[in-house]
Amino acid sequence: MRGVVMYTAGDVRVEEREDPKIIEPTDAIVKLSATCICGSDLWPYRGVEPVDHTLMGHEYVGVVEEVGPEVKNVRVGDFVVGSFVISDNTCEICRAGFQSKCVHAEFVHAGIGTQAEKARIPYADGTLVATPGQPDPELIPALLAASDVLGTGWFAAVAAEAGPGRTVAVVGDGAVGLMAVLAAKQLGAERIIAMSRHPERQKLARYYGATDIVEERGEAGVERIKELTDGLGAHSVVEAVGTQESFMQAVGATRGGGYLGYVGVNYDVRIPGIQLFFAGIHTLGGPAPVRRFLPELIRLIWDRKIDPGKVFDLTLPLEQAPEGYKAMDERRATKVLLTL
């Protein structure tokens, strides 16, 4: 099969990879219908995260082609959406709703790599969720978004306690930030402030429910949020970037007693303990337990209540994945869908 391999930073290739096979009785083989490039894939692309002939991709939807003898919840022929973290969905941590920290957790990135034609998914019963039927083609981008960016944005909004009567500020206008805006709207937030300097992303943020746009960053961004909230800061803040500036901006924008949901992969972020101490806020984040939300998100998409697929603004065939990486690195694309 064809699949994406990153040899070194900036060196992305599409080449022949061995077809996946059932190894464990809980495995499933999925023939992928679509995959995509994630903002987190840019960390190794830019040399921040080590990479060496790494199998790329962790977002995926497709049709089950084969299952191991112990797989019960999905069947051959099912169209499925999978989380970017493998989970059994039965351990104590999974049952508490944190499947991304399952005792059998494994990142789909690197070990499996779903920027490819097929993928072996371990613990298929706990990782994959079947759709109610075969989706119409126009639903596939939206279902693909549920595999990571929608589920991650949704978790961030839930972690930030977005809801009725709340003002939500979203730091980051990438795909996850935009999905956090969508989630905050669906969760009933009264006011949603998107922090963005990019006109096209501002437009999409408004489509998804943003009521205000703030272009300032850093301390200026914090002050602007406070101006919009009677000097108090937002009740709920989502951090969806992962840089030092963005994280501290998110901390500063959260009112005393407020909630910060952080999902930006934060390499080299250093949080001054005394600043966090005196902020007096609740924090929750990390790799999103997407599997917790998949049934609900699939239903919202299936019923056409939400359309997260609009976050894809560039579609390329799998063979042109290197161009997709370049487009996202240069911010010419928010998120790239790869067709198969």
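In this predicted model, strands E2, E1 and E4 form an open sheet in the order E2-E1-E4, and their pairing is antiparallel. Strand E2 (11-16) and strand E4 (54-55) are the edge strands, each pairing on one side only. Strand E1 (residues 2-8) is joined to E4 by two bridges in the antiparallel sense, and Met6 has Thr54 as its bridge partner in E4. Helix H13 (residues 321-329) lies across E1 and E2 and runs at about 155° to E2.

A second open sheet has six strands in the order E13-E12-E11-E14-E15-E16, with parallel pairing. Strand E13 (212-214) and strand E16 (282-285) each have a single partner strand, so one side of each is left without a neighbour in the sheet. On average, neighbouring strands here are turned by 20° against each other, direction ignored. Within this sheet, strand E14 (residues 234-239) and strand E15 (residues 254-262) run parallel and are joined by five bridges; Ala234 has Thr254 as its bridge partner in E15. Helix H10 packs on the sheet, where it touches E11, strand E12 (191-195), E14 and E15, and the direction of H10 makes about 145° with that of E15.

Strand E18 (residues 336-339) takes part in two further pairings. With strand E3 (residues 28-37), E18 runs antiparallel and shares four bridges; Thr35 stands opposite Leu338 of E18. With strand E17 (residues 314-317), E18 runs parallel, again over four bridges, and Pro317 stands opposite Thr339 of E18.

Gln115 is in the loop between helix H3 (108-111) and strand E9 (118-121). Gln115 counts as buried because its relative accessible area is 0%, where the limit is under 20%. The side chain of Gln115 makes two polar contacts that can be listed by partner.

| Side chain | Partner side chain | Polar contact |
|---|---|---|
| Gln115 | Asp41 | 3.2 Å |
| Gln115 | Tyr325 | 2.9 Å |

Neighbours within four places in sequence aside, the residues in contact with Gln115 include Gly3, Val4, Arg17, Cys36, Ile37, Met56, Gly57 and Leu318. Thr35 and Leu338, which stand opposite each other in the pairing of E3 and E18, are also among the contacts of Gln115.

Two loop residues have unusual backbone angles. Most residues other than glycine have a negative phi. Asn89 has a phi near 60°, a positive value in a residue that is not glycine, and lies in the loop between strand E7 (85-86) and helix H2 (92-95). Glu161, also not a glycine, has a positive phi of about 60°; its loop runs between helix H6 (149-159) and strand E11 (167-171). Asn89 is partly exposed because its relative accessibility is 24%, and Glu161 is partly exposed because its relative accessibility is 38%.

The largest pocket has a volume of about 1,400 Å³. Its lining has 50 residues, of which Gly39, Trp43, Ala240, Val241 and Val265 lie nearest the centre. Helix H1 (42-45), H6, helix H7 (175-186) and helix H10 (244-253) are the elements that give two or more residues to this lining. H10 is thus listed for the pocket lining and also packs on the six-stranded parallel sheet.

Notes: Residues numbered from 1 in each chain as written. Predicted model: local features only at pLDDT ≥ 70, side-chain atom pairs only at ≥ 80, totals over all residues. Heavy atoms only, no water. Pairing = 2+ DSSP bridges. Contact = heavy atoms within 4.5 Å. Axes fitted to C-alpha atoms, helices over the stretch in contact; angles between N-to-C directions. Buried < 20%, exposed > 50% of the residue type's maximum accessible area, 1.4 Å probe, protein only. Polar contact = N/O pair within 3.5 Å; in protein donor to acceptor, adjacent residues only side chain to side chain. 1 Å grid on protein atoms, 1.4 Å probe; cavity = no way out; pocket = protein on both sides within 12 Å on 5 of 7 lines; lining within 4 Å. Points joined across faces, edges and corners; volume = space filled by probe spheres on them.
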